[in-house]
Number of protein chains: 2
Amino acid sequence: MFNLKDYLDRTREWVEAEMDRRLPRADEWPEGLHAAMRYSLLGGGKRLRPILCAAAAEAVGGQREDATLPAVALECLHTYTLIHDDLPAMDNDDLRRGRPTSHKVFGEANAILAGDCLLTVAFELLAQSARPGPLALELARAAGSRGVAGGQYEDIASERAAPDAERVRRIHLHKTARLIEASCRLGAIAAGGDDFVEQLGRYGRSAGLAFQIVDDILNATSTPEQLGKAAGSDARRGKLTWVVVHGLDRAQRDAWALVDEAVAELHGLPGPVEPLAAIARYIVERHH
Amino acid sequence: MFNLKDYLDRTREWVEAEMDRRLPRADEWPEGLHAAMRYSLLGGGKRLRPILCAAAAEAVGGQREDATLPAVALECLHTYTLIHDDLPAMDNDDLRRGRPTSHKVFGEANAILAGDCLLTVAFELLAQSARPGPLALELARAAGSRGVAGGQYEDIASERAAPDAERVRRIHLHKTARLIEASCRLGAIAAGGDDFVEQLGRYGRSAGLAFQIVDDILNATSTPEQLGKAAGSDARRGKLTWVVVHGLDRAQRDAWALVDEAVAELHGLPGPVEPLAAIARYIVERHH
């Protein structure tokens with residue numbers, strides 16, 4: 001009988017040990033920069049993207065170890081986006097994963113550099129993998145202007161804009177779903193499951209969109225203590241969210257429908273899919 | 001008889017056409033972000049790094065076309081460092097390559113994102129090359145915390161510090177020389193000249209250190225009109241420069257000595273080395 005909590009705990013501990021081992025130590029020059037990189041990367045988090053990457057590798061019949069480098073790279077990349085998004089010039093957030101944000105601790109210049117370096121480390125790791133070309137291409141496309149960064153650009157540009165269902169969908173698909181989609185695709189690519197990349201990508205895209213809709217719901221309904229970051233901040237900033245555009249009830253229903261779509265993609269894979277199915281459900285049932 | 005000006009013009013035109021062709025167009029979503037990326041990348045510059053990359057490919061017996069992807073990637077990466085270095089939280093510069101800096105034109109958030117995306121594009125291009133692993137590993141190591149970003153971190157940390165010859169050498173070797181070294185190494189790797197990577201790297205390291213020393217000299221002695229960026233800014237900020245630590249005369253002598261060291265590395269290469277020799281001399285004779 002599959003135990004999700006146990007699976008998440010085990011996989012998180014594994015990827016956190018790999019991250020710790022593969023990042024430069026804080027006693028190596030430039031010490032302050034390495035300390036800033038490690039502060040944000042190793043300071044907690046659900047580790048959803050590396051866990052999905054490992055689970056996707058297993059779902060195509062591989063081992064989670066096939067996905068070690070992309071899993072660590074994904075969390076480095078995700079953490080870089082958090083550090084830069086939190087900057088005063090962007091969302092100006094003081095709290096992240098229950099702790100002060102990077103620029104509050106290390107100053108703005110060093111936060112920018114720590115983010116830059118985590119983005120660079122992501123590609124340094126993939127360059128050392130068995131399939132550097134396909135893996136780096138997938139991550140770069142997901143992260144760049146046509147992916148996460150484009151979504152962040154549009155997210156900022158749309159502050160205080162009129163509700164627009166198509167626009168919020170475009171933002172969420174790029175800013176959040178694209179990297180979750182890439183997490184699954186990278187796991188499949190790393191484990192040699194090329195025939196299942198598209199299928200697992202569709203799973204990740206639906207699950208990723210559901211994840212962001214739930215984030216919108218939690219931001220509107222939780223306390224900062226529950227979230228480990230600012231709550232109600234979307235409304236204060238006039239952010240375009242699924243809740244603003246569609247209301248809470250519809251948002252909840254859409255999230256569940258997307259999870260059903262995600263789970264429906266899991267048929268016919270050669271490896272175990274219980275983890276991916278359970279993670280999709282966990283995405284909408286979580287409280288932070 | 002080798003004509004340097006002609007070589008630089010031809011190679012610059014070639015790489016600028018490749019950059020223009022390989023970057024997302026400004027009429028593709030997200031338009032404003034792509035416009036910001038193109039503004040900084042295609043807005044002039046000596047294109048020293050891609051030219052060195054192409055010249056290194058030729059020096060090992062290859063063609064400049066072998067180096068197209070790393071050449072474009074190097075200029076994307078260099079431009080990202082300029083955009084982020086110019087930010088208010090870093091050096092707070094208003095002028096670059098004779099035009100307003102990215103954050104003055106597009107705002108701080110979009111300048112950060114445009115830099116992030118150019119860094120990402122660099123690896124997207126290398127991922128599509130014939131040797132994605134070695135090329136991306138070289139660029140990531142040169143750009144990251146143990147390279148350019150580490151140099152920029154130390155540069156900021158050392159503002160108003162006491163003159164320190166070892167410290168200024170460490171800053172210059174990381175912040176500037178490392179990417180010029182990588183430009184030469186990437187050209188050799190891309191053209192299959194693996195036996196000459198170390199040798200061309202030593203050429204680039206010496207030439208790169210000379211380049212930064214001359215930058216320090218020009219910053220101390222030129223007008224903004226001559227430079228296309230702020231002049232005298234090093235002194236105003238209390239930056240650790242070669243001129244501050246060693247004086248103008250010694251700086252000039254050190255630059256020439258380093259160029260001699262660089263040129264001495266060019267013996268025994270299978271292809272033409274006139275361009276690399278002439279570029280090293282040009283580095284200390286230039287006036288901007």
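The exercises below, each with a worked solution, concern a predicted model with chains A and B.

**Exercise 1.** Find how many residues each chain gives to the contact between chain A and chain B, and which element of chain A gives the most.

Solution. Begin with the totals: the contact takes 41 residues from chain A and 41 residues from chain B. Next, look at the elements that give two or more residues to the side of chain A that touches chain B, which are α2 (31–41), α6 (108–127), α7 (132–143) and α8 (148–157) of chain A. Of the elements in chain A, α6(A) gives the most to this side, with 13 residues. Finally, sort the residues of this side of chain A by character, which yields 24 nonpolar, 11 polar and six charged.

**Exercise 2.** Decide how helix α14 (residues 248–264) of chain B and helix α15 (residues 274–285) of chain B are oriented towards each other, and describe the residues where they meet.

Solution. The two helices, α14(B) and α15(B), pack at an angle of about 175°, and their axes are 9 Å apart. Because angles over 145 degrees count as roughly antiparallel, α14(B) is roughly antiparallel to α15(B). On the side of α14(B), the residues that meet the partner helix are A255(B), W256(B), V259(B), A262(B) and V263(B), and on the side of α15(B) they are A277(B), A280(B), R281(B), I283(B) and V284(B). Sorted by character, the residues of this contact divide into nine nonpolar, no polar and one charged.

**Exercise 3.** Do the same for helix α2 (residues 31–41) of chain B and helix α6 (residues 108–127) of chain B.

Solution. Here the packing angle is about 70°, with the axes 9 Å apart. Since angles of 65 to 115 degrees count as roughly perpendicular, α2(B) and α6(B) are roughly perpendicular to each other. Among the residues of α2(B) that meet α6(B) are L33(B), A36(B) and M37(B), while those of α6(B) include L113(B), A114(B) and C117(B). The residues of this contact divide into nine nonpolar, three polar and no charged.

**Exercise 4.** Check whether the span of helix α9 (residues 165–190) of chain B agrees with its number of residues, and then locate its bend.

Solution. At 1.5 Å a residue, the 26 residues of α9(B) should span 38 Å, and the end C-alpha atoms are 35 Å apart, which agrees. The helix nevertheless bends by about 50° at A177(B). As for its surroundings, α9(B) is mostly covered, with 20 of its 26 residues buried. Just after α9(B), G192(B) takes a positive phi of about 75°.

**Exercise 5.** Work out whether R97(A) and R160(B) are buried, partly exposed or exposed, and describe the phi of each.

Solution. Start from the general expectation that most residues other than glycine have a negative phi. R97(A), in the loop between β1 (95–96) and β2 (99–100) of chain A, has a positive phi of about 50° although it is not a glycine. With 15 C-beta neighbours inside 10 Å, R97(A) counts as partly exposed. R160(B), placed in the loop between α8 (148–157) and α9 of chain B, has a positive phi near 65°. With 8 C-beta neighbours inside 10 Å, R160(B) counts as exposed, since the cut-off for exposed is 12 or fewer.

Key:
Residues numbered from 1 in each chain as written. Chains lettered and ligands numbered in written order. Predicted model: local features only at pLDDT ≥ 70, side-chain atom pairs only at ≥ 80, totals over all residues. Contact = placed C-beta atoms within 7 Å. Helix = DSSP H or I, 4+ residues; strand = E, 2+ residues; numbered from the N terminus. Nonpolar A, V, L, I, M, F, W, Y, C, P; charged D, E, K, R; others polar. Axes fitted to C-alpha atoms, helices over the stretch in contact; angles between N-to-C directions. Parallel < 35°, antiparallel > 145°, perpendicular 65-115°, else oblique. Expected span 1.5 Å × (residues − 1). Bend = angle between axes of the 7 residues up to and from the residue.
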